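Colleague: I am new to reading structures and would like to learn how the labels are earned. Could we go through one together?

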Amino acid sequence: SKRVTSIAWVSSDASSFILFTTAGNHTVTIYRNAGDGWQSMAVVGGKRGCQDGPLEQCLFWFPCEKVFQPKLDSRPLITGEGGVVYVYSGGVLMKMTSDLTSATKVASMRQELWLTDEDEGTPEFPIMY
């Protein structure tokens, strides 16, 4: 069993979906409940990457250690307004379609993944001329 690191819930008139990520994997697991119980719908991703498109082609990159480190797990699933699910993957924000059959890149978002408390960083803001 693997530790769940992120979770999103989507509900519509016809069915409900739960999406989650697990530690050490670059996948999004989707379960669907259409009234007759929860069933596995898809495991999206697999190898590390950052690719949008139909679910069969999607790749994700989630920095997450297999060893539990409190407060350091990535939380890449974001539930937006109206039940839209966003996935933050390797510096790219992707939006899942409402029927959860594909994902589209909507923004590039730089995140300093490699800085730690021991890094000095820049002592002052750079001045741009």
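Colleague: Let's start with His26: where does His26 lie?

Modeller: This is a predicted model, and in it His26 lies in strand 3, which covers residues 26–33.

Colleague: Why is His26 called buried?

Modeller: Buried means a relative accessible area under 20%. His26 has 18%, so it counts as buried.

Colleague: What makes the pair of His26 and Phe62 a polar contact?

Modeller: The side chain of His26 reaches the backbone nitrogen of Phe62 at 3.1 Å. The cut-off for such N or O pairs is 3.5 Å, with one atom able to donate a hydrogen and the other to accept it, so the distance fits. Leaving aside neighbours within four places in sequence, His26 is also in contact with other residues, including Val44, Lys47, Phe60 and Trp61.

Colleague: Phe60 and Phe62 both came up. Why are Phe60 and Phe62 called a stacked pair?

Modeller: There are three aromatic pairs in the count. In the pair of Phe60 and Phe62, the centres are 5.5 Å apart and the planes are at 10 degrees. Ring centres must lie within 6.5 Å, and planes under 30 degrees apart count as stacked, so this pair meets both conditions.

Colleague: Are Phe60 and Phe62 buried or exposed?

Modeller: Phe60 has a relative accessible area of 0%, and Phe62 has 3%. Buried is under 20%, so Phe60 is buried, and so is Phe62.

Colleague: Which residues touch the most other members of the largest nonpolar core?

Modeller: That core has 20 residues, and Leu19, Ile30, Phe60 and Met96 touch the most other members. At least two residues each come from strand 1 (4–11), strand 2 (16–22), strand 3, strand 4 (38–46), strand 7 and strand 8. The largest share, three residues, is from strand 8. In soluble globular proteins, nonpolar side chains tend to be buried together.

Colleague: Which residues does Met96 touch?

Modeller: Not counting residues up to four places away in sequence, Met96 touches Leu19, Ile30, Leu55, Val84, Val85, Val87, Ser102 and Ala103.

Colleague: What makes strand 8 mostly covered?

Modeller: Strand 8 spans residues 92–96, and four of its five residues are buried.

Colleague: How do you know that strand 7 and strand 8 pair?

Modeller: Strand 7 (residues 85–89) and strand 8 share four bridges in the antiparallel sense. Two bridges are the minimum for pairing, so strand 7 and strand 8 qualify. Ser89 stands opposite Val92, and the bridge partner of Tyr86 is Lys95. These strands form a hairpin with two residues between them, where Gly90 takes a positive phi near 55 degrees.

Colleague: How many bridges join strand 8 to strand 9?

Modeller: Five bridges join strand 8 to strand 9 (residues 102–108), and the two run antiparallel. With at least two bridges needed, strand 8 and strand 9 therefore count as paired. Here Lys95 stands opposite Thr104 in strand 9. This hairpin has five residues between its strands.

Colleague: What is the phi of Leu100?

Modeller: Leu100 lies in the loop between strand 8 and strand 9. Its phi is near 60 degrees, a positive value in a residue other than glycine. At 2% relative accessibility, Leu100 is under the 20% limit, so Leu100 counts as buried.

Colleague: What makes strand 5 and strand 6 edge strands?

Modeller: The open sheet has five strands in the order 5-9-8-7-6, with antiparallel pairing. Strand 5 (53–54) and strand 6 (77–79) are its edges, as each pairs on one side only. Strands of a sheet pair through backbone hydrogen bonds.

Colleague: Back in strand 3, what does the side chain of Asn33 do?

Modeller: A polar atom of the Asn33 side chain lies 2.8 Å from the backbone nitrogen of Gly35. Leaving aside neighbours within four places in sequence, Asn33 is in contact with Ser15, Ser16 and Trp38.

Colleague: And the whole chain: how many helices and strands are there?

Modeller: The chain has zero helices and nine strands. Buried residues make up 36% of its 129 residues. The chain exposes about 8800 Å², with carbon and sulfur atoms supplying 52% of that area.

Key:
Residues are numbered from 1 along each chain as its sequence is written. This is a predicted model: local features need pLDDT of at least 70, side-chain atom pairs count only at pLDDT 80 or more; totals for chains, interfaces and linings use all residues. Side-chain values use heavy atoms; hydrogens and water are left out. Buried means under 20% relative accessible area, exposed over 50%, partly exposed in between (1.4 Å probe, protein chains only). Contact means heavy atoms within 4.5 Å. Accessible areas come from the Shrake-Rupley method with a 1.4 Å probe; for residues, only the protein chains shown count as cover. A nonpolar core is a set of buried Ala, Val, Leu, Ile, Met, Phe, Trp, Tyr and Cys residues joined through side-chain atoms within 4.5 Å. Rings of Phe, Tyr and Trp (its six-membered ring) pair if their centres lie within 6.5 Å; planes under 30 degrees apart count as stacked, over 60 as edge-to-face and the rest as tilted.
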